[in-house]
Amino acid sequence: MAEETIFTKIINGTIPSKLMYHDDLVSAFADISPKAPQHILIVTNKPIPSVNDVTREDEAALGRLFTVAAKIAHELGIAEDGYRLIVNVGRNGGQEVPHIHMHLIGGQKMGGFGFAGA
Ligand code: 5GP
C-alpha cells in the first residue's frame with residue numbers, strides 16, 4: 001500500500017477541508033488555492049501515487065472520479081456552461097501531491113492549456 005498523503009489526512013478528517021462528497025471509493029473537497037471560481041479536487045480514497053501506478057483493480061475508483069465530477073458540476077450549477085477536468089501526472093505534468101486526483105475547474109471560460117514556455 002502506498003504511503004499516507006496530505007489527501008489521506010483530509011479524507012480521514014485529520015486535516016480540515018470543505019468536504020463535498022465521500023463514498024467508499026472517492027472523496028471531493030474544495031482546493032485550498034482555487035484557480036477559478038469553482039475548483040474542486042476529486043480524489044481516490046486509496047492513495048495511488050499517480051496515473052503511472054494504476055492497475056485494473058483501480059478501474060472502479062477511477063471511473064467514479066468522473067461520475068462524481070458530473071454530480072458536483074450539476075450541484076454547483078456549472079454543468080451546462082461547461083468546465084475543465086485535469087489530472088496532472090508527475091513532474092512535467094505539474095503534479096504536486098502524489099495521490100491521484102482530478103481537478104474540477106469552472107465558473108469561468110477557460111484559456112489555453114498552459115504549456116511551459118508557450
Ligand atoms: P496537483 O498539482 O498535484 O495536480 O494539485 C494539487 C492541488 O492540491 C493544488 O491545486 C493545491 O492547491 C491543492 N492542495 C494542496 N494542499 C492542500 C490542502 O491541504 N488542502 C486542500 N484543500 N487542497 C490542497
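A residue counts as buried when its relative accessible area is under 20%, as exposed when it is over 50%, and as partly exposed in between. Lys 46, at 35% relative accessibility, is therefore partly exposed. The model described here is a predicted one, and the same three classes are applied below to the other residues of its salt bridges.

The sheet comes first. Five strands make up an open sheet, and their order across it is 1-2-3-5-4, with antiparallel pairing. Strand 1 and strand 4 (83–86) are the edge strands, each of them pairing on one side only. From one strand to the next, the twist averages 15°.

At one edge of this sheet, strand 1 (19–22) and strand 2 (26–30) form a hairpin, with three residues between them. The two strands run antiparallel and are joined by three bridges. Two residue pairs show the register: Leu 19 has Phe 29 of strand 2 as its bridge partner, and Tyr 21 stands opposite Ala 28 of strand 2.

Helix 2 (residues 59–76) lies across strand 1, strand 2, strand 3, strand 4 and strand 5 (101–106). Relative to strand 3, helix 2 runs at about 155°.

The structure contains five salt bridges. One of them is formed by the side chains of Asp 23 and Arg 64, with an N to O distance of 2.7 Å. Asp 23 belongs to the loop between strand 1 and strand 2, whereas Arg 64 belongs to helix 2, so this contact ties together parts that lie 41 residues apart in sequence. The two partners fall into separate exposure classes: Asp 23 is buried because its relative accessible area, 15%, is under 20%, while Arg 64, at 25%, is partly exposed.

Arg 64 also forms a salt bridge with Asp 24, and here the closest N and O atoms are 3.4 Å apart. Asp 24 sits in the loop between strand 1 and strand 2, so its pairing with Arg 64 in helix 2 ties together parts 40 residues apart in sequence. Asp 24 is exposed, because its relative accessible area of 61% is over 50%. Taken together, Asp 23, Asp 24 and Arg 64 are linked in a network of salt bridges. The hairpin loop thus supplies the two Asp residues, and helix 2 supplies the Arg.

A further salt bridge joins the side chains of Lys 46 and Asp 58, at 2.7 Å from N to O. Lys 46 and Asp 58 are both in the loop between strand 3 (38–44) and helix 2, twelve residues apart. Asp 58 is buried, since its relative accessible area is 5% and the limit for buried is under 20%. Its partner Lys 46, as stated at the start, is partly exposed at 35%.

The surface also has a nonpolar feature. Val 51, Val 54 and Val 87 form a nonpolar patch there, and their accessible area together is about 190 Å². Val 87 is located in the loop between strand 4 and helix 3 (90–93). With a relative accessible area of 38%, Val 87 counts as partly exposed.

Note on methods
Residues numbered from 1 in each chain as written. Predicted model: local features only at pLDDT ≥ 70, side-chain atom pairs only at ≥ 80, totals over all residues. Heavy atoms only, no water. Salt bridge = Lys/Arg side-chain N within 4 Å of Asp/Glu carboxyl O. Helix = DSSP H or I, 4+ residues; strand = E, 2+ residues; numbered from the N terminus. Buried < 20%, exposed > 50% of the residue type's maximum accessible area, 1.4 Å probe, protein only. Pairing = 2+ DSSP bridges. Axes fitted to C-alpha atoms, helices over the stretch in contact; angles between N-to-C directions. Contact = heavy atoms within 4.5 Å. Patch = residues over 30% accessible without salt bridge, like charges linked within 9 Å, V, L, I, M, F, W, Y side chains within 5 Å. Areas by Shrake-Rupley, 256 points an atom, 1.4 Å probe, with all protein chains shown as cover.
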